[in-house]
Amino acid sequence: MNQHLSYPPLAFVDIETTGSHFDRDRITEIGVRSLIEGQISTWESLINPQTLIPQNIQRLTGIKPGMVADQPTFEDLAKRLKAEFEGKIFVAHNARFDYGFIKASFKRIGIDFRPKVLCTVKLSRLLFPDQPRHNLDTIISAHGLKVSARHRALGDADLLLQFWNVCEKAVGPERLLKAVNQLIGNASLPPNIDQALIDSIPDTPGCYIFYGENKIPLYIGKSISLRSRVMGHFQGALTQRKEMKLSLQVRDIDWIDTAGELSALVLESQLIKERMPSMNIKLRRSKDLCAWSLELNEAGVLMPVLVGQQDLSPGLQENLYGLFYSKREAHSYLKAVAKKHRLCEALLGLEKRIEGKPCFGFQVKQCNGSCIGMSPINHHNLQLRSIFESYRVQVWPYKGPIAISEGNSMLVIDKWCYLGTAINEDELSELASSGGIEFDLDIYKIIKKALSGPYKNQVRLLKIPETMHCE
């Protein structure tokens, strides 16, 4: 060993918590084993979380409510704890979890906590690449570490110190120090993602896919700057619960370049529906698409009539309003409109109408009285039509398919349906004559905004020759 070589001060840290949500849950125990110039020191404390400890957490850690009831709170310990970490590299296993919790706890009391962070999962992956897994139990088994108190803060912190000694013995101090310097420069990356992978992601428009274990899609997103957006997820993991969960689960990243933002939006919608990633809750396929139409009944009352999926032809039908993913959503919208504008729910068909008697809304002063003649039916009809007009489903304004030019490619659209992307005239002709594509509400919204919003100034619309139109 080089006698002039010395490591920076290190704090091997582990915490126990009431759960995994750093905004809602709280720390119950902190253990720190510090290594400074070969000397080891210890700091530990149980912490009163001032909240319930779930039964499953009690079984895992052995920390019961009675054990922490008379212990100091995090705020009580904050100054001493910050002093303990001062000038040291924060070392933890899956460091984003421990660091994220401690950082959030400091932030709640107005203290900014920004140490250099070293993740021992990343260290294990870097130094022992042939090892199939790098969770703490695997490391214990692979390197014969001595367990004193598993799932207790100081016991697990001591395991990290033991692992450090294993690393030093296996690769030598110089290689170990080089690894530390390499990893603390990439502190925001998840433990299972290498910098080389991030560097290979282009900073251009497109879609990215985060995969978990066994190549299962976790999350699909889009951006005009792929690498920057991907890194934004990882940097946000220290302050946002969803991003932390994603960072801890991600095992691989893939991406698809697109010509621009519009292409990325369309591709994202398609990919989410095809692959159903577990952490995307929007842009899911709907089998219950519906819309309202407005029809006059025999009494001259304009009534909303729900048009279901089988009878729905968006882009072709004139009298459609709203477009909803489900009947429940459609009725919720109609009720909200009635309440906001004091319309009669009986006239709208939301409750049974009894001739000559007021609806329930009138009795609670949420109806203008059209149901009992206090306000003319014509006025009610006119008000309803005016409100619905802003939700009208736009009829396809072209005689046939169109091409939206973006970069060196063209998105082919017909009746609000995306037919595909062409890069030459032959592909354009083939797509334009394909047809038969199912209407998709998300694609409709994307294309409608592109054609009528600010994006139209960046898009060139290319009408397809008449001979190429679909029948």
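This is a short walk through one helix, the cores and one sheet of this structure. Keep in mind that we're looking at a predicted model.

Let me start with helix α4, residues 95-108. That's 14 residues, reaching 20 Å from the first C-alpha to the last, close to the 20 Å expected at 1.5 Å a residue. So how much of α4 is buried? That would be 12 of the 14 residues, so the helix is largely enclosed by the rest of the structure. The cut-off for buried here is under 20% relative accessible area. And the buried set isn't just greasy stuff: among them are Arg-96, Asp-98 and Lys-103, along with Phe-97, Phe-101, Ile-102 and Phe-106. Just after the helix, Gly-110 takes a positive phi, about 85°.

Okay, on to the cores. The largest nonpolar core has 28 residues, and the members touching the most others are Ile-27, Ile-30, Phe-74, Phe-85, Phe-90 and Ile-102. Who supplies this core? At least two residues each come from β1 (10-17), β2 (27-36), α3 (74-85), β4 (89-92), α4 and β5 (117-119). Our helix α4 gives the largest share, seven residues.

If you want one residue to click on, try Ile-102. Leaving out residues up to four places away in sequence, Ile-102 touches Val-13, Ile-15, Ile-27, Phe-74, Phe-85, Phe-90 and Phe-113. There's also a second, separate core of 26 residues, including Leu-127, Leu-136, Ile-140 and Ala-179.

Now scroll further along the chain, to the sheet. Here we have an open sheet of three strands in the order β7-β6-β8, and the pairing is antiparallel. Which strands stand at the edges? Those are β7 (217-223) and β8 (252-257), each with a single partner strand, so one side of each has no neighbour in the sheet. From one strand to the next, the twist averages 20°.

Zooming in on one pair, β6, residues 206-211, runs antiparallel to β7, with six bridges between them. Within that pairing, Cys-207 sits opposite Lys-222 of β7.

Last bit: what lies across these strands? Helix α11, residues 241-249, lies across β6 and β7, at about 120° to β7. Then helix α12, residues 261-275, lies across β6, β7 and β8, and its angle to β7 is about 170°.

So, if you take two pictures away: α4 with its seven residues in the largest nonpolar core, and the β7-β6-β8 sheet with α12 lying across its strands. That's it from me.

Conventions: Residues numbered from 1 in each chain as written. Predicted model: local features only at pLDDT ≥ 70, side-chain atom pairs only at ≥ 80, totals over all residues. Heavy atoms only, no water. Helix = DSSP H or I, 4+ residues; strand = E, 2+ residues; numbered from the N terminus. Expected span 1.5 Å × (residues − 1). Buried < 20%, exposed > 50% of the residue type's maximum accessible area, 1.4 Å probe, protein only. Core = buried A, V, L, I, M, F, W, Y, C linked by side-chain atoms within 4.5 Å. Contact = heavy atoms within 4.5 Å. Pairing = 2+ DSSP bridges. Axes fitted to C-alpha atoms, helices over the stretch in contact; angles between N-to-C directions.
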